[in-house]
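Please examine the following model, which is a predicted one. The paragraphs below proceed from a helix to a core and then to a single residue.

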Amino acid sequence: KTFVACTALYLNALPGTGVHLVTVNDYLAKRDAEWNQPVFERLGMTVGFIQNMMPFAQRQGAYGADITYGTNSEFGFDYLRDNMAVSKDGLVQRSHAFAIVDEVDSILIDEARTPLIISGEPETAATTYYDFARIAKGLSGAPATRKTEKGEDETELSGADFLYDEKHKTISPAQTAIDAVERTLGIENLYDPRNVQLVNHLTQALKAQSLYQRDVDYVIQDGEVKIVDEYTGRIMEGRRWSEGLHQAIEAKEGVRIQEENVTLATITLQNYFRLYEKLAGMTGTAKTEEKEFVEIYDLHVVEIPTNVPVTRLDENDFIFKTKEAKFAAVIDDIAERHEKGQPVLVGTIAVEASEYLSELMTRRGIPHNVLNAKEHERESEIIKDAGQPGLVTIATNMAGRGVDIKLGEGVVDLGGLYVLATERHESRRIDNQLRGRSGRQGDPGETRFYLSAQDDLVRLFAGDRIHGIMERFKLPDDQPMEAGILSRQIEGAQKKVEEQNFVSRKNVLKYDDVMNTQRSVIYEQRRRVLDGEDLSDDVKAWIHEVVAGNVANHTETDFAEEWDLPGLVVQMQGLYGSDITVEELQEEVELDREALIEEFVEDALETYAEKEEELGIELMREVERYVILQVVDSRWREHLDSMDYLRDGIHLRAMAQKDPLVEYRGEGHKMFEELSVVIREEVVVTLFHAQIEVQQPPDLQPQEQPQGALAYQHETAAGADVIAAAGAGAGVATALAPAPRSNGAQTQGTVVNDETKQVGRNDPCWCGSGKKFKRCHGA
C-alpha cells in the first residue's frame, strides 16, 4: 500500500496545489515519507511530513512541499488552528485538493465518533470535583439489569446508591445518593434549577467511579490522566473527555485537576475529510464497512486480490467458562510453542490484560517483550522483530497497524508466526487486522482467539446464551468449547456493536452538519479578513442594518405619537455619538420610520467618513479587519458553548413527540441569526468608539500558531500584530476605551461669522466648506 500510493499522489500533485497522505500515527507518517522520498525526488517532487509538537516554521515548510504526510488529528487541528490565526503569516495549510487516507477504516470509521476540539480558559473550581469524588467513593453502585416490571423504579428497588449500565455508559442515582450530596454540600435541593451544574458533577463522578477503569480506559503518566484509545491501545496524547468527565477521573485518582476548558474550535473528522475535493483511501480491512463509506463519504470499496494466496490457518475460537481458566490455557499454549522455537504474537485489548499476562509469563520463566500504550516509543523496533525464532511479543491491538513482521530463519518450517488473541474486540476489523500480521506474502501462519464467558463483549451481548450452553454440557472450567456455532454467535454480537457504533457516528454527523454550515460561513468571513480584502462596503451595510434595527425597536407601534423618540436619540448617541435631538427630529424629519432611518444612517455614515479622514484610508481598513476578527472570534466561541448546551438537552424534546434533530436545526439556525446580528452590532459600536494610538511598528515576526496540548491558548491581544504599518510612518492600532465625541468640529478655510444668516440644519454651510450646516458651524 505504502508504495502504490506514490502513483496517485504524484499525479494529483502535478497542479502544484499540494496533496496530503493521512495515516494513523506519527511514526508511520515519518517512516512512509522517508521511504518514498527518493521516488518523489526522482520525479521532481518535494516531500514533507508533520509531527505532533512540531515547531511552526517546520510545519509550514512541510505543508509547502508538493506531498505532505501526517496524521488525521494533525491535519484536522491545523485546519482549526488556521481558522484561529490572526494573520496570513499564521496559516499553514494551502488547500484541500486531494488526500489519500491510509488505514482508511481506522481513521474515517473508528475515530469518527469523537470530534476534534481545541479549547482553552478554565471555568469550574477544582475543589468541586474533589468534593464529588469523595462523595462517589462512599456510595455503593450496582449494575443495571433493566428487568423490572413496567412502572417500577429499579434504582430504588436495588438497594444500591446508584445503578450503572456498562453497555450504554449511563448511571442512575438513587435518593440515598442525592441525600448524601445535599448533606455534604449543605444544599436543600440538588435538582433546584440553580444547581444544574452540580447534577452534572454528580453524574460524572459516578461514571468515573463505576464505568472508567485505570489501565483499561486510561493510564496515569507523569501525574496526568491520559486516555487510552480503545481501538489501537495507544495513549491519545492531549485528548480529554468533555463535560467534566476528565476532571472527575482526575479527582478520583487524586492527581492535579486540569480545569475544564471552553471550546474555541471544533470539527468532526467526517466533516474535515469532506472538505477535500477528491478523497481516496487504502486498507486491508474495509469490506465489512462498505455501506458506511458509500453513505457518508461517497467512497466505493474495490477489493484487490492478494499478491500470493493466503495459506494462514484461522482456527475456531476456544471458549472457557472463566477468565482464570482462559489465561492458564493461554500460558500453556505459549510455553509449548516457545519451546519449539515458533514466534508468538499475543494480542490483548487492554493495557491491564497485557500487564497481567506479562506477570504470568515472568513467573513461568518465558522471556517476552511487552508492547502497549505505555511503550509506544519502542513499538516499531519490538514489532519488527516479532517474527524471529522463539520470540514472544505481547501487544495491545494497535500492533495491527502498518508494520510488516518479517519471519526469521527457520520459522517457516515451524509453521510461521502464531497469533494468539486473548479477547475479541468490538469490531471484527480489528480482529482481522491482528490475524493479518501472520501469513503475509504467502508465508505460513496460524491464529486462534481464546475467549471466556466473562469477557466484556461476550458477557454484554451473548453472555446468557453461552453461559447456558456451558452449564448444560457440565464442562469443567479448564476445558474449552470449540464450536463454529459459538464463533458465529460472537460474530453476531460484534455485528450488533458495529451497527450501534454506526448509528452513533451517523448521529454525530447529522448534528455536526448543522454546525458545519455555520462554521463555513464564519471561517469564510475570517479568511476574507486574513486575505486583506477591503471590507468597508460591508461595514457601511452593517451600519445601515444596525441603525435600522435600533429605529425599528423604538418605533414598534403604528402610531407615531407612541414612538420612544427620547430612547432612540439616547441609543444613537451611544452607538456613534449622534448629536441629533428629539426637537430636531420633530421639527425637520417627517415622523415616518423610513425617514428616521435615512436621517440617522446619513448622520452615522458622515461620522464614519470623518473618522476615516482623520486616520487615513489604509489604517482605517486595517482597523476594520482587526475589529471584525476580534469580535467574530470571541462571539463564535460563545456560540459554540451555547450550541453545546442546546445539544446536551435537545433529546428531551422527544418526550413532547418532537424530532430532536429537527428542533436542533431550527433552534441552531435561530441562534446563528442572532449571532450575526450581535457580531455586526458589536463591530459597528467598536469601530465608532475605538481610539487609535499610532506607535512605531515593532519588528513583526510571522504569527506562530499555538502548539502543545489540545487546550491551545488563543490570545486575543495578539491580534494587534495584524495591524502592520499603514502608509508612511503609520503604526500599530490599539483599541482603547470609547472616547467622548468632540463637540467642536474642525473647519476649513476662513471662518466668517454671519449671525443674520438663517440656514436649515441639512443645508450646505454658509462658510463654503462644502459640509452640511449641522456638521460645520451648526455643530
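How far does helix 25 (residues 660–689) reach from its first C-alpha to its last? The span is 42 Å for 30 residues, close to the 44 Å expected at 1.5 Å a residue. At the N-terminal end of helix 25, Asp 659 acts as a cap: one of its side-chain oxygens lies 2.9 Å from the backbone nitrogen of Leu 661.

Attention may now turn to the interior. In soluble globular proteins, nonpolar side chains tend to be buried together. The largest nonpolar core of this predicted model comprises 99 residues. Those touching the most other members are Leu 80, Leu 108, Phe 273, Leu 279, Phe 293, Val 547 and Phe 600. Helix 24 (residues 617–650) supplies the largest share of this core, 14 residues. Both domain 1 (1–121 + 266–297) and domain 4 (517–689) are represented in this core, with at least three residues drawn from each.

Leu 108 offers a detailed view of such packing. Apart from neighbours within four places in sequence, Leu 108 is in contact with Phe 273, Leu 279 and Phe 293, and Tyr 297 and Leu 299 are also among its contacts.

A further residue to consider is Ile 135, which lies in helix 6 (residues 126–137). Is Ile 135 buried or exposed? Its relative accessible area is 7%, under the 20% limit, and Ile 135 therefore counts as buried. When residues up to four places away in sequence are not counted, Ile 135 touches Ala 180, Val 181 and Thr 184. Ile 135 and Ala 180 are 45 residues apart in sequence, yet their C-alpha atoms are 7.2 Å apart in space.

Notes:
Residues numbered from 1 in each chain as written. Predicted model: local features only at pLDDT ≥ 70, side-chain atom pairs only at ≥ 80, totals over all residues. Heavy atoms only, no water. Helix = DSSP H or I, 4+ residues; strand = E, 2+ residues; numbered from the N terminus. Expected span 1.5 Å × (residues − 1). Polar contact = N/O pair within 3.5 Å; in protein donor to acceptor, adjacent residues only side chain to side chain. Buried < 20%, exposed > 50% of the residue type's maximum accessible area, 1.4 Å probe, protein only. Contact = heavy atoms within 4.5 Å. Core = buried A, V, L, I, M, F, W, Y, C linked by side-chain atoms within 4.5 Å. Domains from an automatic or database assignment.
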